[in-house]
Amino acid sequence: MIQITIPTPDVTIHKQKNPELSNIYGFTDFHLISRDKAGIFMFYNDRDELLFVGKARKLRPRIKKHFEDTVSVMKNHRDEVTKIEVYIVEDPVHREIYETFIINELKARYNVDKVLYK
């Protein structure tokens, strides 16, 4: 049996209730997320339920894209996101394994690809 442990987040940002600074859906701290690092990210709601897991070669642009584009599976659920956790994982094989494992182990609500638990 393979044993996989979900790592500790490298960065966690939270939605601000009344942001005074420029924001995207209430998030003002995107600058804390590396622009050039690869890894996985997880979106949570206010009840700490996992909504979505994704991976990226460049984390910050990919995460922001989920809040901006019209084709993201999160497009109708962006207001639900209150916390974003980011994990630096440079190896593409490890990113794939973590993403698939987390989606299925924690049953991410809005992931549609790589779901094996249905």
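Of the 118 residues in this predicted protein model, 40% count as buried, where buried means under 20% relative accessible area, exposed means over 50%, and partly exposed lies in between (1.4 Å probe, protein chains only). The protein exposes about 7,300 Å², and carbon and sulfur atoms supply 49% of that area; accessible areas come from the Shrake-Rupley method with a 1.4 Å probe, and for residues only the protein chains shown count as cover.

A word on the ground rules. Residues are numbered from 1 along each chain as its sequence is written, and side-chain values use heavy atoms, with hydrogens and water left out. Because this is a predicted model, local features need pLDDT of at least 70 and side-chain atom pairs count only at pLDDT 80 or more, while totals for chains, interfaces and linings use all residues.

**Overall build**

The protein has 2 helices and 4 strands. Helices (H or I, at least four residues) and strands (E, at least two) are DSSP runs, numbered from the N terminus. Following the sequence, you meet them in the pattern β-β-β-α-β-α. The radius of gyration is 14 Å, close to the 13 Å that the globule rule gives for 118 residues, so the protein is as compact as a globular protein of that length. That radius is taken over C-alpha atoms, and the globule rule is 2.2 Å times the number of residues to the power 0.38. Along its principal axes, the C-alpha trace spans about 50 × 30 × 25 Å.

**The sheet**

The 4 strands make an open sheet in the order 1-4-2-3, with antiparallel pairing. Its edge strands are strand 1 (11–14) and strand 3 (50–56), each of which pairs on one side only. Two strands pair if DSSP finds at least two bridges between them. Neighbouring strands of this sheet are turned by 15° against each other on average, direction ignored. Axes here are lines fitted to C-alpha atoms, for helices over the stretch in contact, and angles run from 0 to 180 degrees between N-to-C directions.

Strand 2 (residues 39–44) pairs with strand 3 in the antiparallel sense over 6 bridges, and 6 bridges also join strand 2 to strand 4, again antiparallel. Strand 2 and strand 3 form a hairpin with 5 residues between them, and Asp-48 in the turn has a positive phi of about 60°. Here are some of the facing residues:

| Residue in strand 2 | Partner | Partner's strand |
|---|---|---|
| Ile-40 | Lys-55 | strand 3 |
| Phe-41 | Gly-54 | strand 3 |
| Phe-43 | Phe-52 | strand 3 |
| Phe-41 | Val-86 | strand 4 |

How many residues of strand 2 are buried? The count is 6 of 6, so to speak a mostly covered strand. In a regular strand the side chains alternate between the two faces of the sheet. Gly-39, Phe-41 and Phe-43 point one way from strand 2, Ile-40, Met-42 and Tyr-44 point the other way, and all are buried. Strand 3 is mostly covered too, with 6 of its 7 residues buried.

**Helices on the sheet**

Helix 1 (residues 59–68) lies across strand 2, strand 3 and strand 4 (83–88), running at about 30° to strand 2. Helix 2 (residues 92–105) packs on the sheet and touches strand 2 and strand 3, its direction making about 170° with that of strand 3.

**Cores and contacts**

The largest nonpolar core has 19 residues, and those with the most contacts inside it are Phe-30, Ile-33, Phe-43, Ile-63, Phe-67, Val-81 and Ile-84. A nonpolar core is a set of buried Ala, Val, Leu, Ile, Met, Phe, Trp, Tyr and Cys residues joined through side-chain atoms within 4.5 Å. Strand 1, strand 2, strand 3, helix 1 and strand 4 each supply at least two residues of this core. A second, separate core of 11 residues includes Met-42, Val-53, Ile-103 and Ala-108.

Leaving aside neighbours within four places in sequence, the contacts (heavy atoms within 4.5 Å) of Ile-84 include Val-11, Phe-30, Phe-43 and Phe-67. Val-11 lies in strand 1 and counts as buried at 18% relative accessibility.
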